[in-house]
Amino acid sequence: MKIATAQFTCVPADISANVQQMASLADEARVQGAELVVFPELALTGYELEAVRARRDLWVQPDDPRLDAVRASGVASVINGVAATEGERPVIETLVFGADGELLTTYRKQHLFQHEQDVFAVGQRDGRFECGGLRFALATCFDNHFSELVARGAADGCQVHLASSLYGTGGGVEELATVYPDIAKNFGLYVVMANHVGPAGEWTGCGRSALWAPGGALLAQADAATPMVVTAEIG
């Protein structure tokens with residue numbers, strides 16, 4: 001199975017504009033032969049915490065018509081954004097759609113980073129799905145720094161670990177280059193990480209979205225400055 005990771009520069013608090021970028025990248029992934037594409041953390045809105053706290057119109061549901069262009073791409077897609085809960089606070093939620101546009105699963109970020117704790121509620125369950133004969137685990141950015149979450153996925157029979165993330169320039173470059181190959185090495189998983197590139201809220205995304213093989217070998221990696229898709233064979 002060929003899998004793609006996609007990076008781009010989000011338009012702040014503009015779901016429609018970001019979906020159009022994601023649909024274009026999904027089309028590119030399909031042309032490259034990918035069956036699944038992973039997008040960065042908060043790809044639907046950009047990393048705009050004050051905006052998503054203040055504007056409920058930036059919160060989405062799986063059947064939100066604004067997502068139609070990505071759902072219609074013909075590629076399974078892993079999309080991260082903001083979703084409502086039963087309480088006052090939203091969550092950082094991953095929506096996974098199959099190639100036919102049907103919802104496969106959802107996942108809510110369990111480990112919130114610093115100021116995210118003032119905006120979002122905490123997810124309460126792990127994310128799993130199957131596609132193309134493989135079993136996948138989901139995590140969102142800071143989740144990947146907690147080995148117990150990754151270990152549960154490996155113990156649950158997952159072969160591929162998917163991470164929608166935001167790592168900035170500076171220290172984020174070293175974090176990215178350490179955390180994800182270590183997951184692949186320590187847990188025997190394929191790892192796919194999608195990162196922002198360019199302005200992302202208070203950060204500047206460092207790009208370098210990548211895929212690693214079990215054992216930690218780098219399979220493919222995007223550059224540090226360009227919106228793009230990279231793909232690799234998995235399994």
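In which strand does His 161 lie? His 161 lies in strand β8. The views below start from the whole protein and then move in on single places.

**View 1. The whole protein, a predicted model, has five helices and 14 strands.** Residues are numbered from 1 along each chain as its sequence is written, and side-chain values use heavy atoms, with hydrogens and water left out. In this predicted model local features need pLDDT of at least 70 and side-chain atom pairs count only at pLDDT 80 or more, while totals for chains, interfaces and linings use all residues. Helices (H or I, at least four residues) and strands (E, at least two) are DSSP runs, numbered from the N terminus. The C-alpha atoms fill a box of roughly 45 × 35 × 35 Å along the principal axes. The radius of gyration is 16 Å, which agrees with the value near 18 Å for a compact globule of 235 residues. That radius is taken over C-alpha atoms, and the globule rule is 2.2 Å times the number of residues to the power 0.38. Of the 235 residues, 55% count as buried. Buried means under 20% relative accessible area, exposed over 50%, and partly exposed in between (1.4 Å probe, protein chains only). The accessible surface comes to about 9,000 Å², and 49% of this surface belongs to carbon and sulfur atoms. Areas come from the Shrake-Rupley method with a 1.4 Å probe; for residues, only the protein chains shown count as cover. Among contacts with a separation of 6 or more, 64% join residues 24 or more positions apart. Contact means heavy atoms within 4.5 Å.

**View 2. Strand β9 is covered on both faces.** β9 spans residues 190–194, and five of its five residues are buried. In a regular strand the side chains alternate between the two faces of the sheet. Here Tyr 190, Val 192 and Ala 194 sit on one side. Val 191 and Met 193 sit on the other.

**View 3. β9 pairs with β8 and with β12.** Two strands pair if DSSP finds at least two bridges between them. Five bridges join β8 (residues 160–164) to β9, and these strands run parallel. Between β8 and β9 the chain passes through helix α5 (residues 171–187), in a right-handed β-α-β crossover. Right-handed means that, with the strands pointing away from the viewer, the path from the first strand over the helix to the second runs clockwise. Val 160 stands opposite Tyr 190 of β9. With β12 (residues 210–212), β9 has three bridges and runs antiparallel. There, Val 192 stands opposite Leu 211.

**View 4. His 161 is buried in strand β8.** Its relative accessible area is 1%, so His 161 counts as buried. Beyond its neighbours within four places in sequence, His 161 is in contact with residues including Ala 137, Asn 144, Leu 149 and Ile 183. Its contacts also include Tyr 190, Val 191 and Val 192.

**View 5. The largest nonpolar core holds 38 residues.** A nonpolar core is a set of buried Ala, Val, Leu, Ile, Met, Phe, Trp, Tyr and Cys residues joined through side-chain atoms within 4.5 Å. Phe 8, Met 22, Val 37, Phe 39, Leu 44, Ile 79 and Phe 120 touch the most other members. Elements giving two or more residues to this core are β1, α1, α2 (49–54), β3 (76–83) and β4 (91–97). Helix α1 gives the most, with seven residues. Outside its neighbours within four places in sequence, Ile 79 is in contact with residues including Met 22, Phe 39, Leu 44 and Phe 97. A second, separate core of 27 residues includes Tyr 107, Leu 138, Ala 213 and Ala 222.

**View 6. Ala 13 and Asp 14 lie in the loop between β1 and α1.** The loop runs between β1 (2–7) and α1 (15–31). Most residues other than glycine have a negative phi. Ala 13 has a positive phi of about 55°. At a relative accessible area of 17%, Ala 13 is buried. Asp 14 has 31% relative accessibility, so it counts as partly exposed. The C-alpha atoms of Asp 14 and Thr 45 are 5.8 Å apart, with their positions 31 residues apart along the chain. Neighbours within four places aside, Asp 14 is in contact with Leu 44 and Thr 45.

**View 7. Cys 141 also has a positive phi, of about 45°.** Cys 141 is found in the loop between β7 (134–140) and α4 (147–155). Its relative accessibility is 8%, so Cys 141 counts as buried.
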